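Here's a quick briefing to read with the model open in your viewer. Take a look first, then work through the notes by topic.

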Amino acid sequence: MYAGYFPNKPTIARTNMPTEDPSEEFFKNFLKKPEMALLMCFPSQIQATKVMAVLDVLSNHSPDEEYLGEKLESSWAENPVINAAFEKFNGNLKRLEGIIDERNTNLKLKNRVGAGVVPYELLKPFSTPGVTGMGVPNSISI
């Protein structure tokens, strides 16, 4: 979600970044409309669309995706030591998810809450299918 919005993470710059010693014409244009210098750097609409499509494909979680700590292998469930360790690990992941949710709603933390602020969800342990920005898969499936 973060990289799909080009002002956050542009994948290509169509012009060079301004230097400390710009040409007279560039500097005049920059003073008139500074946002144009930024907009001229952004990728074209077709370039942006291609990158967003690739990011969507690579970020999509399959409906049968298995997440870290979500379920115990059936062959290991019989061993009480492994089962207890898994339950403890799973409980810690759920506690971590609660901490992330609490921090996302804490008004005292900067850049976490408010209009236009995307909540942090990248390493939330569990996810639903699709592009959610959450979940830590058991393996990488690219």
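Asn 90 is buried in this predicted model, since its relative accessible area of 8% falls under the 20% cut-off. Its address is helix α4, which covers residues 80-105. That same helix also supplies one partner of a salt bridge, Asp 101, and there's a nonpolar surface patch to look at too.

**Around Asn 90**
- The side chain of Asn 90 gets to the backbone oxygen of Gly 69, at 2.3 Å.
- Which residues does Asn 90 touch once its neighbours within four places in sequence are set aside? They are Gly 69, Glu 70 and Phe 126.
- So Gly 69 turns up twice for this buried residue: as the owner of that backbone oxygen and in the contact list.

**The salt bridge**
- How many salt bridges does a search of the whole structure find? It comes back with 1.
- The pair is Lys 124 and Asp 101, and their closest N and O atoms sit 2.6 Å apart.
- Lys 124 belongs to the segment after α4 while Asp 101 is in helix α4, so the bridge ties together parts that are 23 residues apart in sequence.
- As for the general idea, side chains of opposite charge can pair when their charged atoms come close.
- Is Lys 124 buried or exposed? It counts as buried, because its relative accessibility is 7%.
- Asp 101, at the other end, has a relative accessible area of 33%, so it is partly exposed.

**The nonpolar patch**
- Phe 26, Phe 27, Phe 30 and Leu 31 make up a nonpolar patch on the surface, and together they have about 360 Å² of accessible area.
- One of them, Phe 30, is in helix α1, which spans residues 24-32.
- Phe 30 counts as partly exposed because its relative accessibility is 32%; patch members need over 30%.

**The chain as a whole**
- What does the secondary structure come to? You get 4 helices and 0 strands, and reading along the sequence gives the pattern α-α-α-α.
- The chain has 142 residues, and 18% of them are buried; Asn 90 and Lys 124 are among them.
- If you take contacts between residues at least 6 apart in sequence, 60% of them join residues at least 24 apart.
- About 11,100 Å² of the chain is exposed, with carbon and sulfur atoms supplying 60% of that area.

Key: Residues numbered from 1 in each chain as written. Predicted model: local features only at pLDDT ≥ 70, side-chain atom pairs only at ≥ 80, totals over all residues. Heavy atoms only, no water. Patch = residues over 30% accessible without salt bridge, like charges linked within 9 Å, V, L, I, M, F, W, Y side chains within 5 Å. Areas by Shrake-Rupley, 256 points an atom, 1.4 Å probe, with all protein chains shown as cover. Salt bridge = Lys/Arg side-chain N within 4 Å of Asp/Glu carboxyl O. Helix = DSSP H or I, 4+ residues; strand = E, 2+ residues; numbered from the N terminus. Buried < 20%, exposed > 50% of the residue type's maximum accessible area, 1.4 Å probe, protein only. Polar contact = N/O pair within 3.5 Å; in protein donor to acceptor, adjacent residues only side chain to side chain. Contact = heavy atoms within 4.5 Å.
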